[in-house]
Amino acid sequence: RNIMSSDEMYLLYHGLLLPKETHSLESLKFAQEFTFKDDDVVAVVYPKSGTVWMQEVLPLLLNGGDLTPIQTIPNWDRVPWLEEKRLEAVVDKMASPRAMVSHLPYHLMPPSFHTSKAKVIYVMRNPKDVLVSSFYFHQMAGFLSDPGTFDEFMNTFLEGRVFFGKWTDHLKSWKHSELGDRIMFITYEEMVQDLPAALKRMSDFLGRDLSEETIQKISHHCSFKTMKSNSMSNFSLVPKVYLDSDKSQFLRKGVVGDWKNHFSSEQLARFRSVIHKELQDESFTLPWSL
Ligand code: A3P
């Protein structure tokens with residue numbers, strides 16, 4: 001993998017680096033021409049902030065806790081990425097209400113998204129943990145560039161030379177979306193801390209009236225431990241050349257605060273100063289201290 005240049009690994013789409021393994025100009029065109037329905041739900045997540053978690057959560061919430069989708073359909077076909085190659089192959093098989101995930105910034109969403117009433121759940125995660133998760137993911141994913149040292153990767157991340165660009169740009173684009181009651185924001189940390197409460201908040205947003213018992217059942221099936229043993233969700237079906245589980249796991253740790261095991265005090269200061277500077281003119285505040 002290391003002999004491949006960045007040009008061979010990534011395509012550039014409106015200034016964003018996207019891995020060619022999973023994205024193509026055709027798949028991006030397909031996304032642009034995609035027709036959203038009013039009852040579609042899309043989880044928008046900056047990479048490494050809980051995308052695959054939402055691929056477990058959404059079908060369960062939308063189908064009253066029915067386990068069939070999460071136990072019989074691989075996550076990438078069950079809740080496909082709007083911008084990835086697989087969507088075209090599975091879209092006709094998706095039953096309404098359809099659930100999708102996306103890493104796209106708001107301004108690259110297709111026209112039909114804007115005219116529809118499709119709902120968005122935006123999941124945000126403390127960028128320090130996003131960086132750590134992404135560092136390990138770059139080590140295991142054959143379709144991503146070698147991250148180098150942690151210190152080097154921190155610069156790559158802060159400069160936005162990673163897939164889907166800068167973390168701050170992604171967050172800003174969706175915070176400015178003005179989608180009103182079509183969008184809800186939730187944090188990865190909130191989901192880790194109290195998953196049943198987070199699920200309840202999401203089910204209310206989606207207009208689903210789920211019993212306490214159903215919420216508990218869903219919570220059990222979306223736990224890190226259960227997902228790790230679900231072959232339809234743990235990427236064990238993917239060949240090693242794409243995801244090398246000897247180097248790291250996709251479902252790696254699933255905790256809050258792993259950054260403390262990785263950041264030096266100098267790195268913390270550098271990271272904070274860049275993120276603070278990029279968000280200094282924003283009216284929103286972050287739900288965690290940096
Ligand atoms: P870590 O690498 O910190 O463990 P994405 O799906 O956006 O690529 O995000 C992957 C991150 O979400 C990984 O973080 C993964 O372990 C975590 N994750 C996935 N499912 C989870 C769950 N049920 N509980 C906690 N974390 C989960």
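## Helix α10 and what it packs on

The buried residues of α10 pack against β3 (41–45), β5 (119–124) and α8. Keep in mind as you look around that this is a predicted model. Helix α10 itself covers residues 167–175, and its buried residues are W167, H170, L171 and W174. Look down the axis of α10 and those buried residues sit within an arc of 95°, so they line one face of the helix.

## Around the ligand

Helix α8, one of the elements under α10's buried residues, turns up again at the ligand. Along with α3 and α14 (224–228), α8 (127–140) gives at least two residues to the shell around the ligand.

That shell has 21 residues, and the closest to the ligand are T51, V52, S133, R252 and G254. Sorted by class, the shell comes out as ten nonpolar, six polar and five charged residues.

## Helix α13 and its cover

Now over to α13, which spans residues 212–221 and has I215, I218 and S219 as its buried residues. These cover an arc of only 100° around the axis, which puts them on the same side of α13.

What lies over them? The cover on the buried residues of α13 includes α3 (51–62) and α12 (195–205). So much for α13 alone; α3 is also one of the helices that supply the ligand shell.

## How α12 meets α13

The α12 and α13 pair is worth a second look. Their axes come within 9 Å and cross at roughly 115°, and the crossing is right-handed.

Which residues make the contact between α12 and α13? On the α12 side you'll find L195, P196, L199 and K200, and they meet I215, Q216, I218 and S219 of α13. By class, the residues of this contact split into five nonpolar, two polar and one charged. The buried residues of α13, namely I215, I218 and S219, are all listed on the α13 side of this contact.

## F113, a buried spot in α7

Last stop: F113, which belongs to helix α7 (residues 111–115). Is F113 buried or exposed? F113 is buried, because 23 other C-beta atoms lie within 10 Å, and 20 or more is what it takes to count as buried.

Which residues does F113 touch once its neighbours within four places in sequence are set aside? Those contacts are F36 and A118. Q32 is a distant partner along the chain: F113 and Q32 are 81 residues apart in sequence, yet 9.3 Å apart in space, C-alpha to C-alpha.

Conventions
Residues are numbered from 1 along each chain as its sequence is written. This is a predicted model: local features need pLDDT of at least 70, side-chain atom pairs count only at pLDDT 80 or more; totals for chains, interfaces and linings use all residues. A residue is buried if 20 or more other C-beta atoms lie within 10 Å of its own, exposed if 12 or fewer, and partly exposed in between; C-beta atoms are placed from the backbone. Helices (H or I, at least four residues) and strands (E, at least two) are DSSP runs, numbered from the N terminus. The arc is that of the directions from the helix axis to the C-beta atoms. Two residues are in contact if their C-beta atoms, placed from the backbone, lie within 7 Å. A residue is near a molecule or strand if its C-beta atom, placed from the backbone, lies within 6 Å of it. Ala, Val, Leu, Ile, Met, Phe, Trp, Tyr, Cys and Pro count as nonpolar, Asp, Glu, Lys and Arg as charged, and the others, Gly among them, as polar. Axes are lines fitted to C-alpha atoms, for helices over the stretch in contact, and angles run from 0 to 180 degrees between N-to-C directions. A crossing is left-handed if the near helix is turned anticlockwise from the far one by less than a right angle, and right-handed if clockwise.
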